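This report describes how helices pack in one protein chain and then turns to several residues in its loops. Please read it alongside the sequence and the model shown below.

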Amino acid sequence: MAIANFPLINTILSELEQVHKNIKGDISLQRKDKKLALYILTGRILTHCYAINNLLLNGFFGETGVIFRSVYETIFTAEYFNITDDDSEDLRKWFNDEIIKPGKVRKKQYNMLKNMLERSNIKTELSSPDNLNKYRKSIDELYRIASKYTHPTYKISKINMHHYYLEFDYACKEIKKDTSPPPYSFEQLIITIINMFCMCKDTFKMDKTTYDKLRENVELLDSHTQQYKSDNLGNSPPLTPS
C-alpha cells in the first residue's frame, strides 16, 4: 500500500487553496490584523504540504519530518491568532517579525479555547473536558514525534545509513524502495489542517457546502490512515525514534 493517498491529498489541497483565496480581497499589508496573519500562515501551510508531497515521493522521510514540525507550529499559531484580538500583543510582535514560541502558543491557545467552550452555549465534540484534554495530548504527541526530526538525534541522523555496510543513501534512491513506512501520517497532518480551516471557517467565509465537503474528506483520510496502519505498521519495523 502507498505511504499516502497522494491523489486524494492533492485534490483536497486544491480545495483548500480555493478556500484560502476567498479572503484575498479582504486583506491588505497595510492593515495588520488577524485576517492578514491567517492568510499568510495558512498559505505557508499549504506550500509546506506540496513540499512534503515531493519529499515523500522521493524517499526523503527524515527531511519530511522536519517540515511536519513546521506545519504543526504554524497551525498552532494560526489557530491561536484566530481566537485572539486584532490588537493583541502577540499579534503585534509577530508582525514585527518576532518569534512567538510554540510552547507558549500551544498553552495560550489551549486555555483560550477551553474558556471559549466553557462560555459557549453551542456544544461540540471538544466541549467535553475529557475530549479537549485528549485533543491537547494528541497534538502534543504529534509535535513530540515531529521534533525528533528537527534535532540531530542519533536515530534520525542515521536514518539514511545502511546499518551493515555503513554507507549513506545520500539521495534517498534506495530508501524510497524500502517497505518500512515512515512513522508519521501525511493524511493525519492533512486532517489537522482541515480541522484548522474549519475552526477558522468564519474568517475564510466558508459556506456550508464547502464545510461539509471538507468534513467528508476527513472521513476518507481517516479511513486510509487506519488501513495504512493495519497493512504496514503491524508488519514492518517502525522508523519512529523511541
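Helix α1 (residues 6-21) and helix α8 (residues 186-199) pack at an angle of about 20 degrees, with their axes 11 Å apart. The two helices are therefore roughly parallel to each other, a term that covers angles under 35 degrees, with over 145 counted as roughly antiparallel, 65 to 115 as roughly perpendicular and the rest as oblique. Axes are lines fitted to C-alpha atoms, for helices over the stretch in contact, and angles run from 0 to 180 degrees between N-to-C directions. Helices are DSSP runs of H or I with at least four residues, strands are runs of E with at least two, and both are numbered from the N terminus.

This is a predicted model, in which local features need pLDDT of at least 70 and side-chain atom pairs count only at pLDDT 80 or more, while totals for chains, interfaces and linings use all residues. Residues are numbered from 1 along each chain as its sequence is written, and side-chain values use heavy atoms, with hydrogens and water left out.

α1 passes α8 in a left-handed crossing; left-handed means that the near helix is turned anticlockwise from the far one by less than a right angle, and right-handed that it is turned clockwise. On the α1 side, the contact (heavy atoms within 4.5 Å) involves Phe6, Ile9, Ile12, Leu13, Leu16, Val19 and His20, which meet Phe186, Glu187, Ile190, Ile193, Ile194 and Phe197 in α8. These residues divide into 11 nonpolar, 1 polar and 1 charged. Here Ala, Val, Leu, Ile, Met, Phe, Trp, Tyr, Cys and Pro count as nonpolar, Asp, Glu, Lys and Arg as charged, and the others, Gly among them, as polar.

Helix α8 also packs with helix α3 (residues 61-82): their axes come within 10 Å and cross at roughly 15 degrees. That makes α3 roughly parallel to α8, and their crossing is left-handed. From α3, the contact is made by Phe68, Val71, Tyr72, Ile75, Ala78, Glu79 and Asn82, and from α8 by Phe186, Leu189, Thr192, Ile193, Met196 and Met199. By class, this contact has 10 nonpolar, 2 polar and 1 charged residues.

The chain as a whole has 9 helices and 0 strands. Of its 242 residues, 43% count as buried, that is, under 20% relative accessible area, with exposed meaning over 50% and partly exposed in between (1.4 Å probe, protein chains only). Among contacts with a separation of 6 or more, 75% are between residues 24 or more positions apart.

Three loop residues are listed below.

| Residue | Loop | Relative accessibility |
|---|---|---|
| Phe60 | between α2 (34-57) and α3 | 21%, partly exposed |
| Leu166 | between α7 (154-157) and α8 | 57%, exposed |
| Lys205 | between α8 and α9 (208-233) | 47%, partly exposed |

Most residues other than glycine have a negative phi. Leu166, however, has a positive phi of about 60 degrees although it is not a glycine. Lys205, also not a glycine, has a positive phi of about 50 degrees.

Phe60 and Lys173 are 113 residues apart in sequence, yet 9.1 Å apart in space, C-alpha to C-alpha. Leaving aside residues up to four places away in sequence, Phe60 touches Leu55, Tyr170, Ala171 and Cys172.
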